[in-house]
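Let's take a friendly walk through a protein model, one feature at a time. Keep the 3D view open and find each residue as it comes up.

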Amino acid sequence: MKNIKYYLIAIVVLVLVFIGVVFGSKSASPDSVLYSVKTGVLEKITYLTKSGDVQKTDYALGLAEKRLGDLIYLKNKNQLTTTLGSKVRDNFNQQTIVAQEGIMKIGTKEGNNSKDALEFTERLM
């Protein structure tokens, strides 16, 4: 019974450390070790919390815009290496694909969604 108690404590500690790392990565820049956690975990979890195609598309477009900012950040710091640039560019491409798919979904629905689709398309360009 004592062993189970220690395992539970270890699991709780690991979960708390994981949560701390994930939320600590929120402001990570592309040259940071935590950047992959930010883009690979935190942003994906946040995307899943969005309800509806309009919110998800808006979030994906916002992430694409952030990736452009990340590229500018790297360029200004003279750190736009092939590796870092490729990582950020690949993430930008993924977000634009998600946004394009969202725009298609929004545009095919009935109602006033065509206005949202048009606004998102303009942001994408």
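## Salt bridges: the starting point

A salt bridge is a side-chain nitrogen of Lys or Arg within 4 Å of a carboxyl oxygen of Asp or Glu. Keep in mind that what you are looking at is a predicted model. In this model there are 5 salt bridges, and a good one to begin with joins Arg-67 to Asp-70, whose closest N and O atoms are 2.8 Å apart. That distance is within 4 Å, so the pair fits the definition.

Where do Arg-67 and Asp-70 sit? Both belong to helix α3, with their positions 3 residues apart in the numbering, or about one turn of the helix. Both Arg-67 and Asp-70 are also buried.

## A small network

Arg-67 has another partner. Its side chain meets the side chain of Glu-43 in a salt bridge, with 2.8 Å from N to O. Because Arg-67 is in helix α3 (residues 52-76) and Glu-43 is in helix α2 (residues 35-49), this pair ties together parts of the chain that are 24 residues apart in sequence.

Is Glu-43 buried or exposed? A residue counts as buried under 20% relative accessible area, so Glu-43, at 5%, is buried. Arg-67 has a relative accessibility of 0%, so this residue counts as buried too. Put the pieces together and you get a network of salt bridges linking Glu-43, Arg-67 and Asp-70.

## A bridge between distant parts

Now look for Glu-65 and Arg-123. Their side chains meet in a salt bridge of 3.2 Å, N to O. Glu-65 is in helix α3 and Arg-123 is in helix α5 (residues 113-124), so the pair links distant parts of the chain, 58 residues apart.

How exposed are Glu-65 and Arg-123? Glu-65 has a relative accessible area of 39%, which makes this residue partly exposed. Arg-123 is partly exposed as well, with a value of 33%.

## How the helices pack

Two packed helices are described by the angle between their axes and the distance between the axes. Try this on α2 and α3: they pack at an angle of about 165 degrees, and their axes are 11 Å apart. That angle makes α2 roughly antiparallel to α3. The crossing of α2 and α3 is right-handed.

Next, turn to α3 and α4. Their axes come within 8 Å and cross at roughly 155 degrees. Angles over 145 degrees count as roughly antiparallel, so α3 and α4 are roughly antiparallel to each other. The crossing of α3 and α4 is left-handed.

## Two residues of helix α4

Ala-99 is found in helix α4. Its relative accessibility is 0%, so Ala-99 counts as buried. Ala-99 and Ala-64 are 35 residues apart along the chain, and their C-alpha atoms are separated by 8.6 Å.

Lys-105 lies in helix α4 too, which covers residues 82-108. At 47% relative accessibility, Lys-105 counts as partly exposed. How far apart are Lys-105 and Ser-32 in space? From C-alpha to C-alpha they are 35 Å apart, with 73 residues separating them in sequence.

## Stops in the loops

Ala-28 lies in the loop between α1 and α2. Is Ala-28 buried or exposed? Ala-28 is buried, with a relative accessible area of 9%. In space, the C-alpha atoms of Ala-28 and Lys-38 are 6.8 Å apart, while in sequence these residues are 10 apart.

The loop between α3 and α4 holds Asn-78. Asn-78 is exposed, with a relative accessible area of 73%. Its phi angle is near 55 degrees, a positive value in a residue other than glycine.

## A nonpolar patch on the surface

Finally, look for a nonpolar surface patch of about 890 Å². Which residues make this patch? They are Ile-4, Leu-8, Ile-11, Val-12, Val-15, Leu-16, Phe-18, Ile-19 and Phe-23.

Take Ile-4 as an example. Ile-4 is in helix α1, which spans residues 2-24. With a relative accessible area of 49%, Ile-4 is partly exposed.

Definitions and conventions:
Residues are numbered from 1 along each chain as its sequence is written. This is a predicted model: local features need pLDDT of at least 70, side-chain atom pairs count only at pLDDT 80 or more; totals for chains, interfaces and linings use all residues. Side-chain values use heavy atoms; hydrogens and water are left out. Helices (H or I, at least four residues) and strands (E, at least two) are DSSP runs, numbered from the N terminus. Buried means under 20% relative accessible area, exposed over 50%, partly exposed in between (1.4 Å probe, protein chains only). Patches are made of residues with over 30% relative accessible area and no salt bridge: like charges are joined within 9 Å, nonpolar side chains (Val, Leu, Ile, Met, Phe, Trp, Tyr) within 5 Å. Accessible areas come from the Shrake-Rupley method with a 1.4 Å probe; for residues, only the protein chains shown count as cover. Axes are lines fitted to C-alpha atoms, for helices over the stretch in contact, and angles run from 0 to 180 degrees between N-to-C directions. Angles under 35 degrees count as roughly parallel, over 145 as roughly antiparallel, 65 to 115 as roughly perpendicular and the rest as oblique. A crossing is left-handed if the near helix is turned anticlockwise from the far one by less than a right angle, and right-handed if clockwise.
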